[in-house]
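Biologist: I would like a close look at the barrel and the packing around it. Please take me through that part in one go.

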Amino acid sequence: MLAPQPPLPPLYVVTDRHQTGADRLLHILGDIIPEQGMMIQIRERDLGARDLLRFVEEVHRLARPFQVPCLINDRVDLVLATGAAGVHLRADSMPAQEARKCLGAGYLIGKSVHSAEEVFQSEQDGADFVVLGPVYETPSKRQYGPPLGVRVIHEASERCTIPVYAIGGMTPARVENVLAAGAAGVAVISSIFQAASPREAVAAYSTQLRKWRPR
């Protein structure tokens, strides 16, 4: 019988160097990673394999001393090449079961989804967790349609057992609402990387997540 896995960190930080510049992004990551309590999704989708490999190695250099898991967006090959914690699949990417065939056991598989039905399907396919949204209005997620609202978090968490991270328009003040609806945590981009003080923003999220996350 497999030993139970420890719970995933409640804060999922998604990188976007277009908001900061590559050097600034690495500086911010170096500043916030010591706060811990987070996972990182490396989501630099427009980088070629060589540049992305170099970037992943830089992030790992910052994250590994603090045992912060890093997942790579959609690149199973680079997960294997770099020893990343896992892969994060787009909604229209390969099914999680196919990624598992490539990776084998011991790697995390996350999936971006936009409905409770997609959460259910991802769980059936073997995803370890999903990121569901947009929950609130946010410019970066308008391409995925109008905000889904907190109700979809409740519906997904009632139907499925894998952790659901809420994304889209997240703020520390909204943590209570999405966790009360059943979310395991929140996924954030702009509210960290465009904050006047990213470290203070992470600390604010961490405070709210500790306060409202079910024990």
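Modeller: Two strands are said to pair if DSSP finds at least two bridges between them. By that rule, strand 1 (residues 11–14) pairs with strand 2 (residues 38–42) in the parallel sense, over 4 bridges. The model is a predicted one. Within this pair, Val14 has Gln41 of strand 2 as its bridge partner. The two strands belong to a closed barrel of 8 strands in the order 1-2-3-4-5-6-7-8, with parallel pairing. From one strand to the next, the twist averages 25°.

On the outside of the pairing scheme, take helix 5 (residues 116–125). Helix 5 lies across strand 5 (108–113), strand 6 (129–132) and strand 7 (164–167), and runs at about 160° to strand 5.Next, the packing. The largest nonpolar core has 62 residues, and those touching the most other members are Leu11, Leu29, Ile153, Met170, Val178, Val186 and Tyr205. Helix 2 (residues 49–63) gives the most to this core, with 6 residues. A second, separate core of 10 residues includes Leu8, Leu71, Phe129 and Ile167.

Leu11 can be followed further. Leaving aside neighbours within four places in sequence, Leu11 is in contact with Gly37, Met38, Met39, Tyr165, Val186, Val188, Val202, Tyr205 and Leu209.

Last, Thr82, which lies in helix 3 (residues 76–82). Thr82 counts as buried because its relative accessibility is 12%, and the cut-off for buried is under 20%. Its side chain reaches the backbone oxygen of Leu78 at 2.6 Å. Not counting residues up to four places away in sequence, Thr82 touches Leu53, Val56, His60, Arg64 and Ile72.

Conventions: Residues are numbered from 1 along each chain as its sequence is written. This is a predicted model: local features need pLDDT of at least 70, side-chain atom pairs count only at pLDDT 80 or more; totals for chains, interfaces and linings use all residues. Side-chain values use heavy atoms; hydrogens and water are left out. A nonpolar core is a set of buried Ala, Val, Leu, Ile, Met, Phe, Trp, Tyr and Cys residues joined through side-chain atoms within 4.5 Å. Buried means under 20% relative accessible area, exposed over 50%, partly exposed in between (1.4 Å probe, protein chains only). Contact means heavy atoms within 4.5 Å. A polar contact is a pair of N or O atoms within 3.5 Å; within protein, one must be able to donate a hydrogen and the other to accept it, and residues adjacent in sequence count only if both atoms are side-chain atoms. Axes are lines fitted to C-alpha atoms, for helices over the stretch in contact, and angles run from 0 to 180 degrees between N-to-C directions.
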